[in-house]
Amino acid sequence: MKFKVCTCWDDGVVNDIRLAGLFRKYGAKATFNLNPGLLKEERTESRWADPLHDGWACRGFCTGKLALRDVPEVYAGFELASHCWRHENAGSIPDADWIKAALDARHWLEDVAQKPCLGFAWPCGISTPGTVAALRAAGFAYGRSTKTADDVLRDNPEPMTLKSNCHFQDTRRFWSCYKAARESGGVFYFWGHSYEMMDYDRFWEQMENALRYIAEDPDAEWIDVVDAARLVSARNAGAAAGA
Ligand SMILES: [Zn+2]
């Protein structure tokens, strides 16, 4: 049975260059959730942290950030979505300022993409009732949370806090949810940060093996996350109409 696969990746980091190359090699669609306000004029390279002097790092890996001018080329052919202007967490600033940060990122990305960018990913997965309402009122198609659903189409009553199936490194859920979506003709949706693969070739091989497997699966069809969210909304509308 034909089924859909989609994926999205957060924060606009240098490792996205390598990841986008893999997606292109295997014909995968992907959405990148970016914070333009955190990107600078110059790229910063990734490096392993000096534990005495560095601040935040992913298991000791300090991820490099792309430059603003890298965005059009690195993400050519992929979907771009707002992850707030400077990764502002919902509830950490007044809601009016927060939705402006969400929209400022969207408008900047729409200028680059020259098309609507209606996706959103919640910084740190945090949402509040007020910001959920603001996101909906601003016309976003969805807001990806960090919560998980066993069945993306069935278990997403609120697309403004959209659940995926799993984080990409939760390999048990990755393949069990993949098989379940395959059997139901549903949607398989995974997400992550490319810096979580650091510069460990084993992690990159694991990702490449998964992409090759999906590419060779005659029933799998890549879609964009925004289109998965539209399937969710259509299903919810149908369920409400049938209730
Ligand atoms: Zn983030």
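Helices and strands in these legends are DSSP runs, numbered from the N terminus. The model shown is predicted.

**View 1. H87 in the loop between β5 and α3.** The loop that holds H87 lies between strand β5 (79-82) and helix α3 (95-113). H87 is not a glycine, yet its phi is positive, near 65°. H87 counts as partly exposed because it has 19 C-beta neighbours inside 10 Å, whereas a buried residue needs 20 or more.

**View 2. M198 in the loop between β9 and α6.** M198 sits after strand β9 (187-192) and before helix α6 (201-215), in the loop between them. Phi of M198 is near 45°, again a positive value in a residue other than glycine. Around M198 there are 19 other C-beta atoms within 10 Å, so the residue is partly exposed.

**View 3. G186 in the loop between α5 and β9.** This loop lies between helix α5 (171-184) and strand β9; the strand, at 187-192, also borders the loop of M198. G186 counts as buried because 21 C-beta neighbours fall inside 10 Å, and the cut-off for a buried residue is 20 or more.

**View 4. Surroundings of G186.** Leaving aside neighbours within four places in sequence, G186 is in contact with F3, D151, V152, L153 and A181. N156 is 30 residues away from G186 along the chain. The C-alpha atoms of N156 and G186 are separated by 13 Å.

Note on methods:
Residues numbered from 1 in each chain as written. Predicted model: local features only at pLDDT ≥ 70, side-chain atom pairs only at ≥ 80, totals over all residues. Helix = DSSP H or I, 4+ residues; strand = E, 2+ residues; numbered from the N terminus. Buried ≥ 20, exposed ≤ 12 C-beta atoms within 10 Å, placed from the backbone. Contact = placed C-beta atoms within 7 Å.
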